[in-house]
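Colleague: Please take one small part of this model and go through it closely for me. I would like to begin with a single side chain and then follow its surroundings outward.

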Amino acid sequence: MARRTLIRAVLFLCGVAAAPPLVSSWAADVSLVQVAPGIYVRPGAVEDATAANDDAIANIGFIVGRDAVAVIDPGGAAADGARLRARITAITALPIRYLIYTHVHPDHVLGAVAFAADHPVVVAHARFAAAWGERGAYYRLGLARILGGDPAQAGDALPPTQAVDTTVDIDLGGRMLHVAAYGAAHTDSDLTVYDDQTRTLWAGDLLFQDRIPALDGSLTGWLTVLGQLKALPAVRVVPGHGPAQLPWPAGAADEERYLTTLVRDVRALLKRGGDIDAAATTVAQSEKGRWKLFDAYNGRNAITAFKQLEWEDPP
Amino acid sequence: MTSRLFALALLLVLALPLQGRAEDQTADAARWQDLRQILFANHTLAPAKGQIALEAPDRAMDAALVPVTVTLDPGLPLKALYLVVDNNPAPLVGTFHFGPAAVPVQVKTRVRVDAYTHMHAVAETTDGRWFVTDRYVKAAGGCSAPATKDAALAMERLGQMRLKTVAEGPTGLPKGAVTAQLLISHPNYNGMQMDQVTRNYTPARFVRDVTVKSGDTLVFQLEADISLSEDPAITFSYQPKGPLSVTVRDSTDATFSHVFQGDDKG
Ligand SMILES: [Zn+2]
């Protein structure tokens, strides 16, 4: 039990599952979803990282243009990345010219090692390199423990070669991807990819569905960014966790309700003079039953929210 | 500084095997015996019988922010309060030295917990008596885990403070006493997160000393170490003798001062 809790603490976005390990590798069986012409998503398991799921818990995928392929989030472990790469080469012979990280979390990044031989341009938020410097070793160690102890199995990031501080356009040949970076929201290294041709928004973990959102950036910042994303002319979104796609902006509803509830409940607690001790067990309880892994993460989100909002000036 | 970082790194390595283990009563008892020797060598610590009580969640949701409440017998002539998280790389979280304006009935703060651990609170009185109480806390990863969620904000807000009056203070407060919560914006980098590229640890920069005065009279001085959570928070009671002034010094010797006229920000 100690080890289990430790690992959850170590890799809080991909701690261990409470469920018994699955017999077969979940990720190997799951199929790609082509959400729009040339846009492929491998939906992740809505569970925490385990040896059985190989940390294939995030939605990852790629976009194919006329001349090249861009990978968006290479996967959660070396094997997860290798499987994604095999699927790409089964679909197209075009070169994998771009690798884009939506943010710093290991379940989205550690599969990058599988793409080293492609020598892609590695596109990430301007904050990514520093954030990975602070966190990468810790994430790898935590995942290696879950997967059985070998750091090579955990995978690694490839260092960013193109830092985005506002926006960058990527031309895949007849297909322009607009990459946009944001201030602190889900994390402080979030970026999105927008494909004009199909009006598809790849939101990374700025959007969670089914799995409880994990707050690792700024609560009010996240709500602001969500408002900006809703104003885009997108018709569909690829969330970072949950189904391969959702209609947009309707798909923002659940997450927006959850984050708004966190803000409302924490502000009310602060107004009553309540202490942070009470946050973990009282905040956003109306959301229980609406999200998977609620019990594992809501308390932590509540503490984070309290810690941020206690600095606000009283109204 | 370098030798200190090296020491921290060494402690981290030594601490690692502790993380994954279950409660081991023999090892825990030995650990406390060692710490007691190092920290309180010449003193007999009497098990507290109502003089001091320690509260913390049994199972913390966030190991980097574990709320701790120490409640003290109002009749005790308190001189100092020591807070120890036994299995942390730097076990002594801090020492509160109380001054004449203090009303040490209750103290709350937030700590990092790196491995399943006993926590000890030790009270020292002005007449040379020592009392100890302890509590077991299940939480792990709070020291080595990345804690700062918005690095830009942490530097922008560095050294800012908030003072909030706590309407419902602890019971047993004498007439006229006031309870307040002090928030100090400081990332409290503990030097334990290794940069994968450079193989160096993110340099430690943490709050070393917090001195709070009411008018010219000392409320308390806190000597702190890396086990205090990011953005240190301290709830305490005092007798108002004028505006509350706070001076914070960190491990780089940067100092931040503010005088609060009432509920105020600095
Ligand atoms: Zn994430």
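At what relative accessibility does R85(A) stand, and what does it count as?

Modeller: R85(A) has a relative accessibility of 27%, and therefore counts as partly exposed. Partly exposed is the class between buried (under 20% relative accessible area) and exposed (over 50%), found with a 1.4 Å probe on protein chains only. The model is predicted, so local features need pLDDT of at least 70 and side-chain atom pairs pLDDT 80 or more, while totals for chains, interfaces and linings use all residues. Residues are numbered from 1 along each chain as its sequence is written, chains are lettered from A and ligands numbered from 1 in the order written, and side-chain values use heavy atoms, leaving out hydrogens and water.

The partner of R85(A) is D118(A), with which it forms a salt bridge; the closest N and O atoms are 2.7 Å apart. R85(A) belongs to helix α3 (residues 78-91) of chain A, whereas D118(A) lies in the loop between α4 and β6 (121-125) of chain A, so this contact ties together parts that are 33 residues apart in sequence. A salt bridge here is a side-chain nitrogen of Lys or Arg within 4 Å of a carboxyl oxygen of Asp or Glu. Helices (H or I, at least four residues) and strands (E, at least two) are DSSP runs, numbered from the N terminus.

The helix itself deserves attention. α3(A) has 14 residues and reaches 20 Å from its first C-alpha to its last, which is close to the 20 Å expected at 1.5 Å a residue; the expected span is 1.5 Å times one less than the number of residues. Its buried residues are A78(A), D80(A), G81(A), R83(A), L84(A), R87(A) and I88(A). D80(A) and R83(A) also join R42(A) and D54(A) in a network of salt bridges. I91(A) is found in α3(A) too, and with a relative accessible area of 39% it is partly exposed. The C-alpha atom of I91(A) is separated by 40 Å from that of E287(A), and the two residues are 196 apart along the chain.

The contact made by R85(A) can be set beside others, for the structure holds 31 salt bridges over all chains. K288(A) and D295(A) meet through their side chains in one of them, at 2.7 Å from N to O. K288(A) counts as partly exposed because its relative accessibility is 45%, whereas D295(A) counts as exposed at 55%.

In chain B, D231(B) forms a salt bridge with R157(B), and their closest N and O atoms are 3.1 Å apart. D231(B) sits in the loop between β12 (217-224) and β13 (233-238) of chain B, and R157(B) in the loop between α3 (151-156) and β9 (161-165) of chain B, so the pair ties together parts 74 residues apart in sequence. Both partners are covered by the term buried: D231(B) has 7% relative accessibility and R157(B) has 14%.

Chain A also has distant parts linked at a metal. The zinc ion is coordinated by H103(A) (NE2), H105(A) (ND1), H186(A) (NE2) and D205(A) (OD), at 2.1 to 2.2 Å. Donors are N, O and S atoms within 2.8 Å of the metal (3.2 Å for Na, K and Ca); water is not among the atoms, so sites may look incomplete. Along the chain these donors follow the spacing H-x1-H-x80-H-x18-D. The pair H105(A) and D205(A) links distant parts, 100 residues apart: H105(A) lies in the loop between β5 (96-100) and α4 (106-109) of chain A, and D205(A) in strand β11 of chain A. H105(A) and D205(A) are both buried.

Strand β11 (residues 200-208) of chain A leads to a neighbour, since it pairs with β12(A) in the parallel sense over five bridges; two strands pair if DSSP finds at least two bridges between them. One bridge sets G204(A) opposite P239(A) in β12(A). Strand β12 (residues 236-241) of chain A is mostly covered, with six of its six residues buried. Two bridges join β12(A) to strand β13 (residues 246-247) of chain A, and these run antiparallel. There, R236(A) has P247(A) as its bridge partner. The two strands form a hairpin with four residues between them, and in the turn G242(A) has a positive phi of about 115°.
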